[in-house]
Amino acid sequence: MIHTDVCDRIGIEYPIFQGGMAWVSEHVLAAAVSNAGGLGIISAMNAPGEYLRKEIRACREMTDRPFGVNVMLMSPHAPEVAKVILEEKVPVVTTGAGLPGVYMKEWVPAGIKVVPVVPSVAIAKRVAREGATAVIAEGCESGGHVGELTTMALVPQVVDAVDVPVLAAGGIADGRGIAASFMLGARGVQVGTRFLCATECQVHPNYKKKILAARDIDTVVTGKRLGHPVRCLKNPFARSFGQMEYDSTITNEEIEAFGAGSLRKAAVEGDMENGSIMAGQIAALVKEEQPAAQIIREMFAQAETLLAEAAKWVR
Ligand code: TUI
């Protein structure tokens, strides 16, 4: 059995968080992951606070176990979302795409456990100082909004820099990823792409099919010119976006307008031509649709075997 201080601090059985994926991570998936012993996460994405309140209450109908909410800090609704989190007494909050300090001033004294996603050592140190319960060091192998560093380079540096437990994210989809993360000093993992293909995940079936068909080199990072790089699967949308970024006659506003609503198009409408199919580099490792509980059990059984056998290489 694998049990770490992340399990104790968060109140979960397996040290695994489900990624807070915008337009994907809603209460059905979150409750399934929490019921399976991980930490299910509802994405507040860029929706108003009342959307989140409904999702939180629906999640509580489906599970008595701890769950989390992910706040995308670039969202214009982040301030009201932060209030809803306080009012609904959400047990755990993860944050992404920005610095959560201003909200942590209210969340931390209220007993809410805050676990920010960090792309660098400096940001990890900062949020640890501000009262984070743990941090998620996310490498650029992950899907969606990405930083510069790989998981392999980022995780050990963050582990050395902070006193709180570190979860690794980016490029983890099986037990090998968990075992490797532990060797880098992480005490837990966050997984997004594999949970996209959980049976309970409500994302459009076309999206799941694309993940299941992906090859190793099928992702690309768009949006670097705009200052918010996003990893997604190569498709006509990503190609056009990339061409626009190279074209100096096109303004940033025009590119933003082209990208607006593109994740929703893919995740909700199933538009695989004009939508942004955000996914991590590990998509090709996702082989089948499975219940969340099976994904978690399988990943940890494999990690346990690998970690137990690792000593055989030492003479
Ligand atoms: O947030 C994510 N992944 C996301 S958010 C998202 S929604 C979106 N849609 C369209 C365009 C952009 C975003 C899709 N995927 N992951 C966590 C994460 N956080 N990765 C990197 C960071 C991060 C980056 C900078 C965290 C803090 C940070 O602080 C620096 C600063 O100056 O804000």
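Helices and strands are taken here as DSSP runs, a helix being H or I over at least four residues and a strand being E over at least two, and both are numbered from the N terminus. With that naming in hand, select Asp218, which is found in the loop between α10 (205–213) and β10 (219–222). Keep in mind throughout the tour that this is a predicted model.

Stay on Asp218 for a moment. Its relative accessibility is 14%, and because buried means under 20%, Asp218 counts as buried. If you display its side chain together with the backbone of Arg215, you will find that the Asp218 side chain reaches the backbone nitrogen of Arg215 at 2.7 Å.

Next, select Ala284, whose place is in the loop between α13 and α14. Ala284 is partly exposed, with a relative accessible area of 27%. Add Asp216 to the selection: Ala284 and Asp216 are 68 residues apart in sequence, and their C-alpha atoms are 5.5 Å apart in space.

**The ligand**

Now centre the view on the ligand and show the residues around it. There are 15 residues around the ligand, and those that come nearest are Ala97, Val117, Ile123, Glu138 and His145. Coloured by class, this shell has nine nonpolar, five polar and one charged residues.

Three polar contacts deserve a distance label. A polar backbone atom of Ala97 is 2.9 Å from a nitrogen atom of the ligand, while a backbone N or O atom of His145 lies 2.9 Å from a nitrogen atom of the ligand. With Glu138 the contact is made by the side chain, one of whose polar atoms lies 3.2 Å from a nitrogen atom of the ligand. Taken alone, the ligand exposes 710 Å², of which the protein buries 74%.

**Two residues with positive phi**

Keep Ala97 selected and turn to its backbone. Ala97 lies in the loop between β4 (92–96) and α5 (101–107), and it has a positive phi of about 65° although it is not a glycine. Most residues other than glycine have a negative phi. At 25% relative accessibility, Ala97 counts as partly exposed.

Then move to Met45, which lies in the loop between β2 (40–43) and α3 (49–62). Met45 also is not a glycine and has a positive phi, here of about 35°. Is Met45 buried or exposed? Met45 is buried, with a relative accessible area of 5%.

**Two helices with a buried face**

Select helix α14, residues 292–309, and look along its length. Helix α14 has 18 residues and reaches 26 Å from its first C-alpha to its last, close to the 26 Å expected at 1.5 Å a residue. Within α14, the residues Ala292, Ile295, Ile296, Met299, Phe300 and Ala303 are buried. Rotate the view until you look down the axis of α14, and its buried residues fall within an arc of 110°, so they line one face of the helix. An α-helix has 3.6 residues a turn, so residues three or four places apart point the same way. On the other side of α14, Arg297 and Ala308 are exposed.

Repeat the exercise with helix α11, residues 236–246, in which the buried residues are Phe237, Ala238, Phe241, Met244 and Glu245. Seen down the axis of α11, these buried residues fall within an arc of 125°, so they line one face of the helix. Gln243 and Tyr246 are exposed on the other side of α11.

**Distances to draw**

The remaining stops set separation along the chain beside separation in space. Begin with Ala78, which lies in helix α4 (residues 78–87) and which, at 2% relative accessibility, counts as buried. The C-alpha atoms of Ala78 and Asn46 are separated by 7.7 Å, these residues being 32 residues apart along the chain.

Go on to Ala267 in helix α13 (residues 262–267), a residue that is buried, with a relative accessible area of 2%. Draw a line from its C-alpha atom to that of Arg239, 28 residues apart along the chain, and the separation is 18 Å.

Finish at Arg60, which is found in helix α3. At 36% relative accessibility, Arg60 counts as partly exposed. How far apart in space are Arg60 and Ala173, C-alpha to C-alpha? The distance between Arg60 and Ala173 is 27 Å, and in sequence they are 113 residues apart.

Key: Residues numbered from 1 in each chain as written. Predicted model: local features only at pLDDT ≥ 70, side-chain atom pairs only at ≥ 80, totals over all residues. Heavy atoms only, no water. Near = heavy atom within 4 Å. Polar contact = N/O pair within 3.5 Å; in protein donor to acceptor, adjacent residues only side chain to side chain. Areas by Shrake-Rupley, 256 points an atom, 1.4 Å probe, with all protein chains shown as cover. Nonpolar A, V, L, I, M, F, W, Y, C, P; charged D, E, K, R; others polar. Expected span 1.5 Å × (residues − 1). Buried < 20%, exposed > 50% of the residue type's maximum accessible area, 1.4 Å probe, protein only. Arc of directions from axis to C-beta.
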